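Let's take a friendly walk through this structure, beginning with one residue and moving outward to the strands and helices.

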Amino acid sequence: MSKDTEIDLKEVELNELDPEKQPMTGDGQAAAAEKNGSVKVKVPEEEVTFTGLSKDQLMKVAGTPGWVRTRWVLLVLFWLGWVGMLAGAIVIIVQAPRCKPIPEMNWWNEGPLYQISDVEAFSDGLEGIEGKLDEINQLKVKGLVLGPFHTVQEDNPLTLSLQKIETAGTVEELKVVLEKAHKKGISVALDLTPNYKGKHSWFSASIADSEVIDKVKAAAEYWLGLGVDGIKISGLSVASNSGDWSKLKEAVMGNRTDEDTKKKALIGVAENISAEELSLLINTTGADLVLSNLLSQKSGGKERIQAMDVLNSQQRSLGWGLGAATKAQLSKTTGMFRLYQLLLLTMPGTPVFTYGDEIGLSAQGAWPPKMVWGIEKEPTDGPAVNETAEAERKERIAVKKWFKTVSELRGKERSLLHGDYYSLYSSNSSLAFLRLWDQSDRYITAVNWGSSPEKLTLTLKPTDGVELPETATVKLSSHSTLKAESIVRLDDITLESGQGVMLQFPYSA
């Protein structure tokens, strides 16, 4: 071996030893690790994608006994769970209380009727009604009854012209009112009482003349053809005694079909008859709605409760008013506006009001009373405000607000709209009754129109099949002695003179 070769080998050996004497770097550490018998593998930074088993591999595994048993166990558990849930749903449905079917409701059942007996006193004629429809709509009114305003001379049947408007406006103006009212969901009926200016509605105290019946029939067909939704007549007992009554009834009801979404109404007025006679009249005449003056005729609480006891099962054909049967305002009968608004809006049947009842319009002085508008507008700066007039304005605002509140509640609550009725208490000057429907909230109306406070103990008859709770919540009260949302005991309620209260309690299974 030559010297040069030996020198090169020595340099190689020295180079191999040098790294051990130098600081350990990454490469040095790897080399040392390798020299000590361990190898450090560097994992690639690229992500490894899981490809799963192939179809052949899956099929091979799926056929093993373990997996076959597992699949059967899972399948049985699934169907057992499904059948269990189905059985549970069936049990819940079977045990759940049945919902009571909603009775048939027509437009005259869905809200108050609002009589405008004198169009000129209300709005200076038919043309003015159009501009008042928004305010009327706020009262949750479902029907207007206009007139009578046809041409006739007092007690003179020869002058009767039922298809002509005397002074209230024109047929074209009436058509505009119909169109605008219908867009707001308000129906319109016309009062076609023949001799509305005279002593007897049908020119007779006993039986309506067939010739007059024929004229009313022809007029009904004419006005209904123009879009009017119903016909109202006073003196129902006299008209229905005529052998030609069926002709008039056919004119209103004859064209009804099952496809009709809105029926035409035949509304009759019966005065000075008993509750039993009124019930018979509803059954025999076939009128859709019969309005009576029973509340005016019967002033005692016991008499009024007895009348409701007799008639409540016919509530979808029954109209209640206090003055409305004679086209008079509430104020002509009473000054307790909130009390009687509450009573009429919660009794079983359709409440009928005359224009101005919503603000407590006074019927004193000139007849018919002129409607008062713009009561919400406060007096402007200027001469000193008449304190009496200002107090009257504020009272009218409060009465109107009360009316709107009760009317809106009646439209929303099934118990008040078409619920069952149960009497709870009555005396000479007060009464109370319960309204309920299926599983909806229950409502109690209690009123005292006497001159002194009265304690009421509310109870049901054992035969009613309904239970009262011990307490209820005050929903509305016309006096501050019972505040809204307060709790009262039903066996110990004291009402002040002129006070009306609505109580509420929930359904309990």
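Ser 234 is buried, as its relative accessible area is 4% (buried means under 20%, with a 1.4 Å probe and protein chains only). The residue sits in the loop linking β6 (230–233) and α10 (236–240). Beyond neighbours within four places in sequence, Ser 234 is in contact with Thr 193, Ser 201, Trp 202, Val 269 and Lys 327 (contact means heavy atoms within 4.5 Å).

A word on the source: this is a predicted model, in which local features need pLDDT of at least 70 and side-chain atom pairs count only at pLDDT 80 or more, while totals for chains, interfaces and linings use all residues. Residues are numbered from 1 along each chain as its sequence is written, and side-chain values use heavy atoms, leaving out hydrogens and water.

Now to the barrel. Its 8 strands close in the order β1-β2-β5-β6-β7-β8-β9-β10, with parallel pairing (strands pair if DSSP finds at least two bridges between them). From one strand to the next, the twist averages 25°. Within the barrel order, β2 and β5 run parallel and are joined by 4 bridges, and Gly 143 stands opposite Ser 187 in β5.

Helix α12 lies across three strands, running at about 155° to β8 (angles run from 0 to 180 degrees between N-to-C directions):

| Strand crossed by α12 | Residues |
|---|---|
| β7 | 265–270 |
| β8 | 289–292 |
| β9 | 318–320 |

The axes of α12 and α14 come within 9 Å and cross at roughly 25°, so the two helices are roughly parallel (angles under 35 degrees).

Terms used: Buried means under 20% relative accessible area, exposed over 50%, partly exposed in between (1.4 Å probe, protein chains only). Angles under 35 degrees count as roughly parallel, over 145 as roughly antiparallel, 65 to 115 as roughly perpendicular and the rest as oblique.
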